[in-house]
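Visitor: Could you walk me through this one and explain the labels as we go?
Guide: Sure, have a look at it before we start.

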Amino acid sequence: MRRLRKYAGLLMSFVLGLSLLAGCADEHVVRVGVSDEAHIQIIGYMVRELAARKGIECQIRQTGSGIASLQPALESDCLQVGIEFTEAAWRNVLQKKDSYHAGDLGILQSEYKKLGLSWYNLPQVKDHYTLAISRRLMLKENIHTLSELLKIDDQLTIGAPTIFFEDSTGYPYLQSEYGFDFASTSNLPEDGLVEELLDQKIDVIPAHSVDGYVNKAELVILEDDLGVREDMTAGIVITKDALKEYPELAQIAKSIAAVLTDGQLAVLAGGVTSGLFTAQQAAMMLLKAKNLVVEKPMSA
């Protein structure tokens with residue numbers, strides 16, 4: 001109850017902004033929360049497609065960016081499934097002050113259990129979180145690493161969604177752990193970051209290795225030569241009540257964990273952000289390629 005009260009303000013704005021809770025009364029629907037990030041949506045649709053083939057009615061529900069939008073809805077059972085990353089869960093949900101390390105997974109899973117949630121880790125979906133700049137700036141300043149960027153950060157503007165500047169794993173982490181102190185910041189929507197960067201309105205943006213735009217030729221993903229932050233891994237989070245009613249959800253999460261890799265996810269997320277196909281189509285491509293979904297041959 002204390003944790004739910006802590007999230008009350010976030011949950012209220014979440015409800016007002018996204019109307020997520022409109023369908024909470026339907027107890028026999030599994031609601032999968034996904035943000036607007038392509039890689040998250042793909043995983044969410046993989047869950048939905050596999051659930052449908054086991055006779056489980058499953059709906060995709062849009063959430064805001066960041067774990068603060070997802071976690072209250074999971075704890076209040078308005079969502080039954082979510083996709084999270086270990087570092088964000090460690091710091092923002094479990095309120096740990098130290099950085100997450102791979103050896104902490106058991107602790108994370110145990111503490112999630114206390115919240116009525118099961119964490120199914122996706123060990124091959126590792127997300128390296130760094131910064132990106134334009135190729136123009138790279139050539140002008142000869143920047144390839146975070147340490148090189150650190151030398152001129154007081155001359156640059158970093159742009160990102162609002163949640164990046166508020167989340168303890170975002171800009172505050174860059175300041176406290178890496179020593180970055182950019183000249184200015186700019187709050188921008190996720191889907192406008194690359195355009196603003198290439199138009200030279202900002203100089204730096206955050207970049208996840210599984211983001212759909214990281215493979216764009218105009219971008220330079222900077223090497224984290226300082227090595228302060230370990231790679232995060234993704235996890236599929238399922239509520240206790242959902243698992244009780246649909247134990248098949250555990251096997252669905254384990255099936256995805258066994259085959260999904262960050263490289264595959266990044267390539268398909270790039271296709272989604274480029275408009276080549278939808279997140280649902282990308283999910284089906286992965287499921288078919290890994291033989292998790294087998295098309296029945298047409299009868300003669």
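Guide: What follows is a chat about burial, one helix, two backbone angles and a cavity.
Guide: Bear in mind that this is a predicted model, where local features need pLDDT of at least 70, side-chain atom pairs count only at pLDDT 80 or more, and totals for chains, interfaces and linings use all residues. Residues are numbered from 1 along each chain as its sequence is written, and side-chain values use heavy atoms, with hydrogens and water left out.

Visitor: What makes up the secondary structure of the protein chain?
Guide: It comes to 15 helices and 10 strands; these are DSSP runs numbered from the N terminus, H or I of at least four residues for helices and E of at least two for strands.

Visitor: How much of the protein chain counts as buried?
Guide: Of its 300 residues, 53% do. Buried means under 20% relative accessible area, exposed over 50%, and partly exposed in between, with a 1.4 Å probe and protein chains only.

Visitor: Why is α3 called largely enclosed?
Guide: Because 13 of its 15 residues are buried, the rest of the structure largely encloses α3. Helix α3 covers residues 38-52 and reaches 21 Å from first C-alpha to last, close to the 21 Å expected at 1.5 Å a residue; the expected span is 1.5 Å times one less than the number of residues.

Visitor: Is R48 called buried, partly exposed or exposed?
Guide: R48, which lies in helix α3, has 22% relative accessibility, so R48 counts as partly exposed. R48 touches C58, I60 and Q280, leaving out residues up to four places away in sequence; contact means heavy atoms within 4.5 Å. R31 is 17 residues from R48 in sequence and 8.9 Å away, C-alpha to C-alpha.

Visitor: What is notable about the phi of D77?
Guide: Phi of D77 is near 65 degrees, a positive value in a residue other than glycine. Most residues other than glycine have a negative phi. D77 is in the loop between α4 (67-75) and β3 (81-85), and its relative accessible area of 28% makes D77 partly exposed.

Visitor: And what is the phi of N291?
Guide: Phi of N291 is near 60 degrees, again positive in a residue other than glycine. N291 is in the segment after α15 (279-289). With a relative accessible area of 59%, N291 is exposed.

Visitor: How many cavities are there of 30 Å³ or more?
Guide: Four. On a 1 Å grid over the protein atoms alone, a cavity is a set of points where a 1.4 Å probe fits but cannot get out, and lining residues have an atom within 4 Å of a point. The second largest cavity holds about 50 Å³ of space, a volume being the space filled by probe spheres set on grid points joined across faces, edges and corners.

Visitor: What lines the second largest cavity?
Guide: Its lining includes Y129, T130, L131 and R229. Strand β5 (residues 129-134) gives the largest share, three residues. By class there are five nonpolar, three polar and one charged, where Ala, Val, Leu, Ile, Met, Phe, Trp, Tyr, Cys and Pro are nonpolar, Asp, Glu, Lys and Arg charged, and the others, Gly among them, polar.

Visitor: How do you know whether T130 is buried or exposed?
Guide: T130 has a relative accessible area of 5%, so T130 is buried. T130 sits in strand β5, and its contacts beyond four places in sequence include L146, I205 and D224. The side chain of T130 also reaches the backbone oxygen of L222 at 2.9 Å.

How values were computed:
1 Å grid on protein atoms, 1.4 Å probe; cavity = no way out; pocket = protein on both sides within 12 Å on 5 of 7 lines; lining within 4 Å. Polar contact = N/O pair within 3.5 Å; in protein donor to acceptor, adjacent residues only side chain to side chain.
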